[in-house]
Amino acid sequence: MKTKKIIKLLSASTLSLLTLPASSFMEEKNDPPNILVIMLDDLGWGDLSINGGKDIKTPNIDKLFEQGTTFTNHYSNSTVCSPTRASLLTGMYPDMVGMPGVVRTHVHDSWGYLSEDAVTLPNHLKLAGYNTALIGKWHLGLEPPNLPNMRGFDYFKGFIGDMMDDYYTHLRHGINYMRLNNHEIKPEGHATDLFSDWTVDYLQMQKNSKNPFFLFLAYNAPHFPIHPPEEWYQKVLRREKGIDPRRAKNVAFVEHLDAGIGRVMEALRTTGQDKNTVVVFTNDNGGSLPHHASNDPLRGGKLDNYEGRIKVPTSMVWPGKIEPGSETPVLSLTMDFFPTLCEIAGKPVTHAVDGISLWPYINGQNPGTSERVLFWVRRCGLHGVTGLAYYAARKGPYKILQNNPFEPFQLFNLETDPLEQNPLDVSIPIYNELKNHLSQHVRRTGSIPWQRP
C-alpha cells in the first residue's frame with residue numbers, strides 16, 4: 001500500500017455515548033450528502049491488490065482506498081454475517097440487540113432475533129429527510145417484523161436469507177428468498193450482477209430527487225459457494241500460470257465483484273451524484289480459508305477470533321471533505337458507522353449507542369484520550385459448539401480471545417505480535433483486567449433475548 005498521510009490516533013471510551021462538538025463542516029455545508037455503504041461478505045484481507053494480493057486485481061475497490069481514508073485498525077463486530085450487519089444498522093454490540101449469532105432458515109439452528117425496539121440507521125436517517133434503500137443481502141430476519149421495509153428501508157430489492165446455495169438460482173434450502181420490497185421475485189442472472197444492476201437503476205431513480213439517499217449495498221459475494229462466471233474463471237487461469245484451480249475460482253469471484261463495484265461508482269459519476277456522496281466500503285468478516293480466500297498476512301479465518309477473521313479492509317470517500325490517500329488508525333468497529341454517518345447527515349444520535357462517531361478522528365479533532373475496551377461474540381450450534389457463545393476482548397494493543405467456548409483464553413500484544421504467534425503469560429495484570437471487562441459485558445447482555453418471543 002502506498003505511503004499515506006497519518007491522522008493522529010486518539011482513543012475513546014467504549015460504553016458511554018460521547019457528546020462531541022459539532023464538526024466545522026456541519027456548520028458550512030448546505031445539503032446533507034448522499035450515503036452509500038458497500039458491504040462485502042467474507043472478503044479475505046489479502047484478497048485486494050491494494051492489500052498486497054499478488055494473484056488478484058481489484059482496481060475499482062483499490063480506488064476507494066486511494067480516493068479517501070483507510071481505517072487501518074477497523075474490525076467487524078463479529079466473526080459471522082448477521083451480528084455484524086445488526087451492529088452496522090443499530091450502532092450497538094450485536095448481543096445488545098438480540099443478534100449474537102446467525103439467523104437461519106431452520107429454527108433449531110437460528111441464533112439471533114433482532115430486537116424489535118432497536119433504532120435502525122435507516123429509521124434515524126429518515127428523520128433527516130433521507131430516502132432509504134437496501135439492495136442485496138439482508139440476513140436479519142426471514143419474516144415480520146424483521147424484514148427490511150419494516151425496519152426503516154423505503155425500498156428493498158435483494159435476498160433476505162443467509163447464503164445462496166447457487167449464485168444463479170438464488171435458492172437456499174430450495175427456498176426462493178429474493179424480494180422486491182415484500183414481494184417474491186425470480187430474477188435471472190448472477191446475483192452479483194443483479195445487485196450491481198439494481199444499484200445503478202436506483203442511482204438513476206434518485207438523481208433528480210430533492211432528498212438525499214442512504215443506500216446499503218450488501219453483496220452476498222464472495223461468501224461461498226464460490227461461483228464466479230465461467231469467463232472470469234478462465235481469464236484468471238490464463239493470467240495466473242500454475243495457480244491452484246480452487247484459488248483461481250475465488251480470485252475470479254472477487255474480481256467479478258470488483259467490476260460490479262466499478263459499474264456502481266461509474267453510475268455515481270455519470271449522474272453527478274459522486275460530488276456529494278459519502279461512500280463507505282467495508283466487509284462483514286474475514287475470508288474462509290477452506291474456500292481458498294486469503295487473509296495474508298493475518299492469522300486465522302472464518303469462525304475464529306484471530307485477526308484474519310475480524311480485521312477487515314475499510315475505507316471512506318467524500319470528495320472535498322476527506323483527504324485522498326489518508327489513513328485513520330483509530331481502533332474502530334462496524335457499529336461506529338451508525339453515529340458517524342448520522343453526524344455527517346446532520347442528525348447526530350441522541351439515544352445511547354455503543355458505537356462512537358469516527359468523524360472527529362478523520363478530520364483531526366481531539367474527542368478525548370481514554371482507551372476503548374472492545375468485545376466480540378459469536379453464538380453457534382455448529383462444529384460442536386452446542387449453542388454456547390465464545391468471545392474476544394481488546395484494550396489498546398492487548399487482546400484476549402477464544403475460538404470456541406471450551407478452550408482457555410489466549411492473550412496477545414498486537415503491537416509487538418500483530419500476527420498472533422506468541423501468546424503472553426496470562427499472569428500479567430491486563431489478562432484479568434480484560435476478563436473482568438468481558439464478564440461485565442456478558443452481564444450487560446445477559447437479559448437481551450435472542451430468540452423470537
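This passage walks through a predicted model, moving from a sheet and its helix to a buried helix, two loop residues, the cysteines and the aromatic rings.

A good place to start is the open sheet made of four strands, which follow one another in the order β16-β17-β18-β19 with antiparallel pairing. The edges are taken by β16 (373-379) and β19 (410-413); each of these has a single partner strand, so one side of each is left without a neighbour in the sheet. On average, and with direction ignored, neighbouring strands of this sheet are turned by 15° against each other. Seven bridges join β16 and β17 in the antiparallel sense, and one residue to look for here is L374, whose bridge partner in β17 is R394. Further along, β17 (residues 389-395) pairs with β18 (residues 398-401), again in the antiparallel sense, over four bridges. Here A392 has L401 in β18 as its bridge partner.

Although β16 is an edge strand, it is mostly covered, with seven of its seven residues buried. The side chains can be followed in two sets: V373, F375, V377 and R379 point one way from β16, while L374, W376 and R378 point the other way, and all are buried. A helix also belongs to this picture. Helix α11 (residues 429-445) lies across β16, β17, β18 and β19, and its direction makes an angle of about 125° with β17.

From the sheet, attention can turn to helix α3 (81-90). Of its 10 residues, 10 are buried, so α3 is largely enclosed by the rest of the structure. The buried residues run from C81, S82, P83, T84 and R85 through A86, S87, L88, L89 and T90. Which elements cover them? The cover includes three strands, β2 (34-40), β5 and β11 (213-218), together with the helices α4 and α9 (337-344). Just after α3 comes G91, which takes a positive phi of about 75°.

Two loop residues help to tie these regions together. The loop between α3 and α4 (121-126) holds G112, a residue that is buried, with a relative accessible area of 10%. Leaving aside neighbours within four places in sequence, G112 is in contact with G98, M99, P100, G101, V102, V103 and W450. G112 and R379 are 267 residues apart in sequence, yet their C-alpha atoms are 8.6 Å apart in space; R379 is one of the buried residues of β16.

The second loop residue, H139, is found between β5 (131-137) and β6. Is H139 buried or exposed? Its relative accessibility is 2%, so H139 counts as buried. With neighbours within four places in sequence again left aside, the contacts of H139 are C81, S82, R85, V102, V103, F159, I160, G161 and D162. Among these, C81, S82 and R85 are buried residues of α3.

C81 leads on to the cysteines. The count of disulfides comes to zero. C81 is in no disulfide, and the nearest cysteine sulfur, that of C380, is 12 Å away. C380 is likewise in no disulfide, with the sulfur of C81 as its nearest cysteine sulfur. Since a disulfide calls for sulfur atoms within 2.5 Å, the 12 Å between these two explains why they are not counted as a pair. C81 has a relative accessibility of 4% and so counts as buried, and C380 is buried too, with a relative accessible area of 1%.

The aromatic rings round off the description, with a count of 14 aromatic pairs. In one of them, the rings of Y167 and F253 have centres 5.0 Å apart and planes at 90°, so the pair is edge-to-face. This pair links distant parts of the chain: Y167 is in the loop between β6 (155-159) and β7 (171-172), F253 is in helix α7 (residues 245-270), and the two are 86 residues apart. Both Y167 and F253 are buried. Elsewhere, ring pairs link W138, F153 and F214 into a cluster. Charged side chains meet rings as well. The charged end of K249 sits over the ring of Y233, 5.5 Å from its centre, and that of R299 sits over the ring of Y306, 4.0 Å from its centre.

Definitions and conventions:
Residues numbered from 1 in each chain as written. Predicted model: local features only at pLDDT ≥ 70, side-chain atom pairs only at ≥ 80, totals over all residues. Heavy atoms only, no water. Phe/Tyr/Trp six-rings, centres within 6.5 Å; stacked < 30°, edge-to-face > 60°. Buried < 20%, exposed > 50% of the residue type's maximum accessible area, 1.4 Å probe, protein only. Lys NZ or Arg CZ within 6 Å of the ring centre and 35° of its normal. Pairing = 2+ DSSP bridges. Axes fitted to C-alpha atoms, helices over the stretch in contact; angles between N-to-C directions. Contact = heavy atoms within 4.5 Å.
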